[in-house]
There are 2 protein chains.
Amino acid sequence: MMMLTKLVSLFSTKNKFASLSSIPLFLSPSLITRLQMESSYTASSHSSSSSSQSSKLLFRQLFEKESSTYTYLLADVSHPDRPALLIDPVDKTVDRDLSVVQDLGLKLIYAMNTHVHADHVTGTGIIKSKVPSVKSVISKASGSKADMLIEPGEKIHFGNLFLEVRATPGHTLGCVTYVTGDGPDQPQPRMAFTGDALLIRGCGRTDFQGGSSEQLYNSVHSKIFTLPKETLIYPAHDYRGFTVSTVGEEKLYNPRLTKDLETYKSIMKNLNLPYPKMIDIAVPANLVCGLQDETPKA
Amino acid sequence: MMMLTKLVSLFSTKNKFASLSSIPLFLSPSLITRLQMESSYTASSHSSSSSSQSSKLLFRQLFEKESSTYTYLLADVSHPDRPALLIDPVDKTVDRDLSVVQDLGLKLIYAMNTHVHADHVTGTGIIKSKVPSVKSVISKASGSKADMLIEPGEKIHFGNLFLEVRATPGHTLGCVTYVTGDGPDQPQPRMAFTGDALLIRGCGRTDFQGGSSEQLYNSVHSKIFTLPKETLIYPAHDYRGFTVSTVGEEKLYNPRLTKDLETYKSIMKNLNLPYPKMIDIAVPANLVCGLQDETPKA
């Protein structure tokens with residue numbers, strides 16, 4: 001993979017990227033002030049507005065080391081309630097996640113999953129037991145129980161911000177990618193929370209849970225690679241210490257998904273991965289969003 | 001710690017943060033375009049300029065799982081050369097780091113350390129062997145060999161951006177914190193790469209390598225906590241999956257450094273941490289920036 005990456009970049013990177021370096025930028029003092037103030041709650045400042053109704057995303061990326069899972073915290077800190085959601089929380093790190101929510105003065109409203117995980121137990125069940133007002137969210141296609149069963153094209157609103165639901169099956173039959181909204185008052189660049197569909201320089205396995213390599217290939221190409229190239233890719237896992245990528249980077253350097261469909265299917269067929277060690281515990285628990293012992297509200 | 005955090009936040013968070021939510025923000029279409037274009041190479045968009053001489057920071061956070069070390073990549077992508085530097089690279093992840101540098105079309109000029117690490121071998125030596133034009137950088141006070149031995153108050157320029165060197169001894173006698181520049185054409189908010197001096201909700205141990213709890217307490221309070229509260233804190237390590245904090249958060253919630261000096265000294269004295277398992281290998285190697293077998297150029 002490293003060789004491919006270097007070879008491709010040798011011929012394309014400089015040419016593709018060099019021309020973007022010399023565009024003058026003007027920031028108003030009021031914007032600089034605003035960035036300075038709100039950035040005390042943001043890892044990255046994603047803000048845009050073309051009206052006095054401004055929205056402001058707070059964003060934090062959190063890591064669970066044992067399963068190499070990323071959990072994402074998003075909140076609209078321009079809304080008086082500071083409503084927040086967690087994407088792909090892990091059972092073992094719920095206390096950490098809730099303490100950050102509390103430290104930052106946020107109101108957690110949704111605990112969401114991109115899919116039924118096979119490698120760890122979701123934190124949504126424990127979160128709901130600690131904060132009963134939180135709603136669990138997963139796709140209807142996952143066959144899971146949850147408070148909200150979402151479908152492709154739906155919008156999940158938190159304050160004046162929203163996530164768009166895109167169906168990206170192939171790793172599992174119910175995988176979705178959550179993409180920040182498209183619009184003048186939504187974060188720029190857009191951010192795609194791809195779960196295990198698209199990983200940084202990789203992708204999820206396709207040999208369990210209704211997986212299909214052809215379906216995953218088509219999902220990524222039609223629902224993720226069609227986003228603007230500057231769209232930030234935030235996956236559910238990374239095993240090599242990468243924290244973020246972009247659609248543009250993955251379209252150039254992903255060692256699997258840059259191949260043609262037949263080559264990709266052959267790569268996925270010959271991965272020879274071991275049986276997922278947590279699958280027999282994690283999947284039954286995650287099919288009820290981590291709530292093994294009670295029936296979810298919806 | 002969690003209890004303290006929750007207790008403090010219960011009384012202070014809402015009041016402190018709620019008032020920042022309703023300031024309208026206006027972005028010009030040209031700025032939105034610029035953010036969209038350049039953000040394809042940035043994890044977080046830190047941009048500001050009050051003249052046509054604009055600077056633009058590319059930023060990536062990278063993680064080495066075995067030693068829980070964060071390596072940071074920074075570059076000025078508004079400069080034709082796209083000059084870049086790495087802070088605290090690890091020997092085991094040099095190939096990964098150099099592949100990202102190449103994928104993004106950057107020219108690596110500096111491989112820097114915040115201090116002489118005791119828990120892993122720095123990647124600077126291997127980086128120099130693969131890219132001989134790269135200069136290794138560490139503080140003069142560290143007693144190490146390197147191409148550039150920097151002192152407090154010095155500025156390290158990369159393109160039109162720079163890092164300011166602040167002495168923050170106490171974990172080791174030679175620890176420094178690198179802070180992004182202060183000025184209209186430098187990133188807003190500022191970013192502090194604190195090494196092991198200030199960790200997220202913690203700090204480095206003070207019982208080896210000329211460490212001193214009193215000195216570390218004074219370093220953090222006088223050189224880091226005096227930065228604007230929105231300044232982003234990027235430490236050399238995190239063991240619980242946090243990726244970033246802010247000066248404002250740590251001044252409110254750091255369970256050690258929010259205490260008075262005597263309480264802090266007592267906490268540090270009674271940590272009873274094990275002997276660092278890598279120290280006898282890492283420190284001798286890191287005193288020559290990872291170049292055990294050759295004499296650095298300077």
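Why is strand β11 of chain B largely enclosed by the rest of the structure? In this predicted model, 5 of the 5 residues of the strand, which spans residues 191–195, are buried, so β11(B) is largely enclosed by the rest of the structure. The residues of the strand point in two directions, with Met191(B), Phe193(B) and Gly195(B) on one side and Ala192(B) and Thr194(B) on the other, and all of them are buried.

The pairing of this strand helps to place it. Strand β10 of chain B, made of residues 176–180, pairs with β11(B) in the antiparallel sense over 2 bridges, whereas β14 of chain B, made of residues 232–235, pairs with β11(B) in the parallel sense over 4 bridges. Phe193(B) takes part in both pairings, since it is the bridge partner of Tyr178(B) and also stands opposite Tyr234(B) in β14(B).

Further along chain B, Ser245(B) lies in strand β15, which covers residues 245–246. Ser245(B) has a relative accessible area of 0%, and because buried means under 20% relative accessible area, this residue counts as buried. Leaving aside neighbours within four places in sequence, the residues in contact with Ser245(B) include Ile200(B), Thr231(B), Leu232(B), Ile233(B) and Glu250(B), together with Arg60(A) from chain A. Arg201(B) is another of these contacts; it is 44 residues away from Ser245(B) in sequence, and the two C-alpha atoms are 8.6 Å apart in space. The side chains of Ser245(B) and Arg201(B) also make a polar contact, at 3.3 Å.

Turning to chain A, the reader will find 8 helices and 15 strands, and of its 298 residues 63% count as buried. Among contacts in this chain between residues at least 6 apart in sequence, 63% join residues that are at least 24 apart. The accessible surface of chain A comes to about 10700 Å², and 57% of that area belongs to carbon and sulfur atoms.

One helix of this chain can be followed residue by residue. In α3 of chain A, residues 94–103, 8 of the 10 residues are buried, so the helix is largely enclosed by the rest of the structure. Among the buried residues are Val94(A), Leu98(A), Val100(A) and Val101(A), as well as Arg96(A), Asp97(A) and Asp103(A). After α3(A) comes Gly105(A), whose phi is positive, near 70°.

Finally, an unreviewed UniProt entry lists residues 68–237 of chain A as "domain: Metallo-beta-lactamase". In the model, the end C-alpha atoms of that span lie 5 Å apart, and the span is 17% helix and 33% strand.

Notes:
Residues are numbered from 1 along each chain as its sequence is written. Chains are lettered from A and ligands numbered from 1 in the order in which they are written. This is a predicted model: local features need pLDDT of at least 70, side-chain atom pairs count only at pLDDT 80 or more; totals for chains, interfaces and linings use all residues. Side-chain values use heavy atoms; hydrogens and water are left out. Buried means under 20% relative accessible area, exposed over 50%, partly exposed in between (1.4 Å probe, protein chains only). Two strands pair if DSSP finds at least two bridges between them. UniProt positions are given in the numbering used here, feature names are shortened, and annotations may be inferred rather than shown by experiment. Contact means heavy atoms within 4.5 Å. Accessible areas come from the Shrake-Rupley method with a 1.4 Å probe; for residues, only the protein chains shown count as cover. A polar contact is a pair of N or O atoms within 3.5 Å; within protein, one must be able to donate a hydrogen and the other to accept it, and residues adjacent in sequence count only if both atoms are side-chain atoms.
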